[in-house]
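Reader: Could you take me on a close look at the surroundings of ligand 2, and then place that site within the rest of the chain? I would enjoy one connected account.

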Amino acid sequence: MNIAVIGTGYVGLVSGVCYAELGNHVICVDKEKDKIRVLQEGGIPIYEPGLKQLADHNRELGRLQFTFDTLEAVRQSDVVIIAVGTPPGPRGEADLQYIEAAAREIGDAMNGYKVVVVKSTVPVGTNEKVQQIVRSRTDQVFDIASVPEFLREGSAVRDTLYPDRIVIGAESPQAVELLKQLHQSLTPEIIVTDIRSAEMIKYASNAFLATKISFINEIANICEKVGADVTEVATGMGLDHRIGPHFLQAGIGYGGSCFPKDTKALIQIAGNADYDFKLLKSVVEVNRQQRFGIIDKLIATIGPMQRMEGKKVGVWGLAFKPDTDDVREAPALDIVQTLIEHGAIPKVYDPVAMDNFRSVLDHPSIHWCRSALEAAEEAEAICLLTEWKEFKQTDFKAVEQVMLRPLLIDGRNIFGPQHFKDTQFLYYSVGRPAFGQGHGAMQTLMG
Ligand SMILES: NC(=O)c1ccc[n+]([C@@H]2O[C@H](COP(=O)([O-])OP(=O)(O)OC[C@H]3O[C@@H](n4cnc5c(N)ncnc54)[C@H](O)[C@@H]3O)[C@@H](O)[C@H]2O)c1
Ligand SMILES: O=c1ccn([C@@H]2O[C@H](COP(=O)(O)OP(=O)(O)O[C@H]3O[C@H](CO)[C@@H](O)[C@H](O)[C@H]3O)[C@@H](O)[C@H]2O)c(=O)[nH]1
């Protein structure tokens with residue numbers, strides 16, 4: 001099949017590469033010329049494990065191309081996939097300007113029957129809007145379909161090649177048939193729905209996962225007060241098949257380009273339909289507060305924020321999750337900002353997200369470090385915000401030597417007591433008892 005993908009970001013690029021891997025001819029389009037130039041020269045503009053090898057392989061086979069010429073790409077294709085961004089507008093609603101522009105460009109390029117697929121996450125009714133826009137600019141016959149994307153950054157290639165399910169929202173049997181053919185080798189779990197339900201499945205899935213995270217984070221907060229361990233609680237809950245073990249990892253809450261924006265967009269979608277989505281509003285509020293639990297623990301150990309002036313605090317991890325360079329809505333942005341506001345000196349380190357972080361939050365107080373150890377030097381505390389594998393292998397005896405005070409506040413619960421048994425470390429995490437020297441401090445925290 002000949003496929004054009006409009007928008008070569010995290011979703012468009014991974015999807016394009018994977019569709020090529022299935023044997024299709026794919027041409028990926030983007031407006032950002034620098035991005036396309038990097039891709040045309042054999043590079044990959046994002047950090048995503050396994051993507052470069054797969055892209056190289058398909059480039060060599062001549063099945064994968066990159067262009068900024070939408071007209072040319074659409075004309076060569078039977079299926080046109082829209083994967084542009086749908087960022088949050090001022091009230092949290094999805095901003096559809098990129099979707100609408102892409103629809104206009106596709107309409108202008110139509111030269112025969114095509115299926116136009118919306119893969120971007122869009123509010124219910126958007127596919128109909130795309131259909132109207134394309135229709136208003138061409139007499140050619142075409143069909144529209146919603147095929148929402150469920151990949152996660154950091155495991156995007158695997159998620160795309162081995163998805164739990166494919167959702168096809170379409171009315172036309174011809175479009176359904178073509179899209180079933182395109183996806184049939186990926187999974188037997190292909191569900192065909194009406195377009196509006198497909199659009200809703202995406203938001204409902206993300207909102208549900210976000211709810212699980214905020215739920216376990218509230219349980220963690222209660223565990224801290226009553227002296228229970230949230231990791232034991234989550235294990236015990238997760239063994240019930242009706243609950244399942246996934247997305248019960250307590251910590252500083254969810255970030256990223258999807259959960260924060262999609263939960264707020266669904267609240268707006270509900271509001272526009274005159275429905276007050278109270279549960280989801282609480283999920284968002286719990287998540288907003290959760291990241292500041294790190295700051296509360298710093299205060300409980302180092303002292304009030306007024307006393308943070310000039311104190312160095314190591315920050316391990318800036319990306320919103322490991323194995324990505326994406327910092328969109330990363331908890332680290334709020335935490336580093338709060339440290340700066342109180343006069344502290346954040347010494348930050350991330351294996352891949354340093355440049356992206358600096359492009360969003362640059363400040364003279366921030367020390368940009370080349371290693372986790374450098375970020376720990378002369379620090380009063382380390383805040384671990386992203387569970388990168390390299391942090392799990394830390395030699396804490398070496399880290400202890402370079403810190404002013406061996407204190408680790410782990411926002412992702414990645415360590416156990418054995419990591420600190422031969423050290424002077426005081427260790428805090430989320431929803432678990434403290435280990436090490438400072439049990440007294442934990443009692444203070446628990447009030
Ligand atoms: N990032 C994820 O993990 C993920 C997963 C599932 C779904 N989604 C959804 O997929 C969509 C895309 O997300 P993303 O993270 O890939 O966004 P992104 O910002 O990484 O990429 C979007 C790309 O579209 C390009 N673009 C915008 N208008 C264009 C146009 N008219 N023609 C060509 N290119 C254009 C931009 O330059 C950008 O490179 C969003 O709706 C998002 O909610 C994202
Ligand atoms: O138990 C958990 C699981 C995740 N997280 C956090 O939740 C956020 C999102 O993580 P994850 O879902 O793994 O990454 P995303 O790439 O944001 O993927 C989500 O958002 C995508 C965009 O819509 C969807 O396609 C995916 O299905 C959905 O999982 C990250 O900050 C994680 O640290 C937790 O705090 N606890």
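Author: Happy to. A residue is counted as near a ligand here if its C-beta atom, placed from the backbone, lies within 6 Å of that ligand. Please keep in mind throughout that this is a predicted model.

With that cut-off, ligand 2 is surrounded by 22 residues. Arg152, Gln249, Tyr254, Gly256 and Cys258 are the closest of these. Sorted by class, the shell around ligand 2 holds ten nonpolar, seven polar and five charged residues.

Which helices should you look at around this site? Both α9, residues 195-226, and α11, residues 259-272, supply at least two residues each to the shell around ligand 2. The largest share, three residues, comes from α9.

Now step back to the domains. The protein chain is divided into domain 1 (2-193), domain 2 (202-217 + 224-289) and domain 3 (291-445). Where does ligand 2 lie with respect to them? Domain 1 and domain 2 both give residues to the shell around ligand 2, so this ligand lies between the two.

There is a second ligand to set beside this one. Around ligand 1 there are 28 residues, and Gly7, Gly9, Val11, Ser120 and Thr121 come nearest. Helices α1 (10-21) and α5 (97-109) each supply at least two residues of the shell around ligand 1. The largest share of that shell, four residues, comes from α5. By class, the shell around ligand 1 contains eleven nonpolar, ten polar and seven charged residues.

Let us stay with the strands at the start of the chain. Strand β1 covers residues 2-6, and four of its five residues are buried, so β1 is largely enclosed by the rest of the structure. What does β1 pair with? On the one hand, five bridges join β1 to β2 (residues 25-29), and these two strands run parallel; in this pairing, Ile3 stands opposite Val26. On the other hand, β1 pairs with β4 (residues 79-82) over four bridges, again in the parallel sense, and here Val5 faces Ile81 as the residue opposite.

These strands belong to an open sheet of eight, with mixed pairing and the order β3-β2-β1-β4-β5-β6-β7-β8. At its edges stand β3 (64-67) and β8 (190-193), each with a single partner strand, so one side of each is left without a neighbour in the sheet. Ignoring direction, neighbouring strands of this sheet are turned by 25° against each other on average.

Two residues deserve a quick visit as well. Tyr113 is in the loop between α5 and β5 (114-118). Is Tyr113 buried or partly exposed? With 13 other C-beta atoms within 10 Å, Tyr113 is partly exposed. Leaving aside residues up to four places away in sequence, Tyr113 touches Gln140, Val141 and Phe142. Tyr113 and Phe142 are 29 residues apart in sequence, with their C-alpha atoms 5.0 Å apart in space. Gln174 is found in helix α8, residues 173-183, and is exposed, with 12 other C-beta atoms within 10 Å. Between Gln174 and Asp143 there are 8.3 Å from C-alpha to C-alpha, although they stand 31 residues apart in sequence.

Finally, follow the chain from domain 2 into domain 3. The C-alpha centres of domain 2 and domain 3 lie 24 Å apart, and 14 residues of domain 2 are in contact with 20 residues of domain 3. On the domain 2 side of that contact there are four nonpolar, eight polar and two charged residues.

One more open sheet completes the tour. Its seven strands have the order β11-β10-β9-β12-β13-β14-β15, and the pairing is mixed. The edge strands, β11 (367-368) and β15 (435-436), each pair on one side only. Within this sheet, β12 (residues 381-384) and β13 (residues 407-410) run parallel and are joined by three bridges, with Ile409 in β13 as the bridge partner of Cys383. Helix α14, residues 331-341, lies across β9 (312-316), β10 (345-349) and β12, and runs at about 150° to β10.

To return to your site: keep the closest residues in view, Tyr254 and Arg152 among them, and recall that ligand 2 lies between domain 1 and domain 2 because both give residues to its shell.

Methods: Residues numbered from 1 in each chain as written. Chains lettered and ligands numbered in written order. Predicted model: local features only at pLDDT ≥ 70, side-chain atom pairs only at ≥ 80, totals over all residues. Nonpolar A, V, L, I, M, F, W, Y, C, P; charged D, E, K, R; others polar. Domains from an automatic or database assignment. Buried ≥ 20, exposed ≤ 12 C-beta atoms within 10 Å, placed from the backbone. Pairing = 2+ DSSP bridges. Contact = placed C-beta atoms within 7 Å. Axes fitted to C-alpha atoms, helices over the stretch in contact; angles between N-to-C directions.
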